[in-house]
Amino acid sequence: MVPFHLLFPEVARLETRAVILLDTNPFSLPPDTYGLVDLYCEQSGCDCRRVMLNVVSDKARRQVATINHGFEPSPLEPEQTFLDPLNPQTDLSLRLLRLVRDHVLRDEAYVARLYQHYRMLKDAVNDPRHPAQKVLRALPSLRRSPRSRKTRRH
Ligand SMILES: [Zn+2]
């Protein structure tokens with residue numbers, strides 16, 4: 001998985017969302033600004049139509065949940081939106097999943113933006129002459145999640 005902002009920093013600066021939660025919020029989450037960093041599978045020729053959202057706490061300055069979301073329901077995956085089993089989670093993860101699944105991802109404009117990011121990244125991955133290839137080639141192999149190598153759906 002590769003963060004969208006690594007390949008398209010200018011677009012990401014304008015189009016990366018954060019959720020600001022105040023003292024009393026219906027999700028029982030600590031008041032904070034939660035950044036949603038979107039990542040996508042960087043395998044060429046793969047059309048898995050998924051996004052991974054790293055939820056980053058502004059106060060703690062660290063990732064507090066990792067949420068996996070399929071743009072379409074799939075018969076292979078019982079849940080369309082779930083906590084990624086191979087990436088960092090905390091005791092806030094379940095509440096953040098509820099926030100993202102039941103609130104943030106209900107915003108069709110936001111989901112359409114994520115899907116557009118997915119397409120941009122896939123176009124870059126599949127085009128050997130795309131300027132972002134330079135960044136892709138420089139990625140250490142560690143960045144690729146084990147999931148993308150082992151499972152049928154990246
Ligand atoms: Zn994939």
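Where does R61 lie? R61 sits in the loop between β4 and β5, and we'll come back to it after a look at the whole protein. One thing to know up front: this is a predicted model.

**The overall picture**

Start with the parts list. The protein's secondary structure adds up to 6 helices and 6 strands. Walk along from the N terminus and the elements come in the order β-α-α-β-β-β-β-β-α-α-α-α. The radius of gyration is 15 Å, close to the 15 Å that the globule rule gives for 154 residues, so the protein is as compact as a globular protein of that length. If you'd like its dimensions, the C-alpha trace spans about 50 × 35 × 30 Å along the principal axes.

What about the inside? Of the 154 residues, 23% count as buried. And if you take the contacts between residues at least 6 apart in sequence, 49% of them join residues at least 24 apart.

**A helix with two sides**

Now zoom in on helix α3, which covers residues 93-102. Which residues of α3 are buried? They are L96, L97, L99 and V100. Looking down the axis of α3, you'd find these buried residues within an arc of 165 degrees, so they line one face of the helix. Over on the other side of α3, L94 and D102 are exposed.

So what covers the buried residues of α3? The cover includes several strands: β2 (17-21), β3 (32-40), β4 (50-57), β5 (62-70) and β6 (81-83).

**Two loop residues with positive phi**

Back to R61, along with another loop residue, S28. Phi of R61 is near 55 degrees, which is a positive value in a residue other than glycine. S28 isn't a glycine either, and its phi is positive too, at about 55 degrees. As for its place in the chain, S28 is found in the loop between β2 and β3.

Are these residues buried or exposed? A residue counts as exposed if 12 or fewer other C-beta atoms lie within 10 Å of its own. S28 has 11 such neighbours inside 10 Å, so S28 counts as exposed. R61 has 7 inside 10 Å, so R61 is exposed as well.

Here are the two side by side:

| Residue | Loop | Phi | C-beta neighbours inside 10 Å |
|---|---|---|---|
| S28 | between β2 and β3 | about 55 degrees | 11 neighbours |
| R61 | between β4 and β5 | near 55 degrees | 7 neighbours |

Note on methods
Residues numbered from 1 in each chain as written. Predicted model: local features only at pLDDT ≥ 70, side-chain atom pairs only at ≥ 80, totals over all residues. Buried ≥ 20, exposed ≤ 12 C-beta atoms within 10 Å, placed from the backbone. Helix = DSSP H or I, 4+ residues; strand = E, 2+ residues; numbered from the N terminus. Arc of directions from axis to C-beta. Contact = placed C-beta atoms within 7 Å. Rg over C-alpha atoms; globule rule 2.2 N^0.38 Å.
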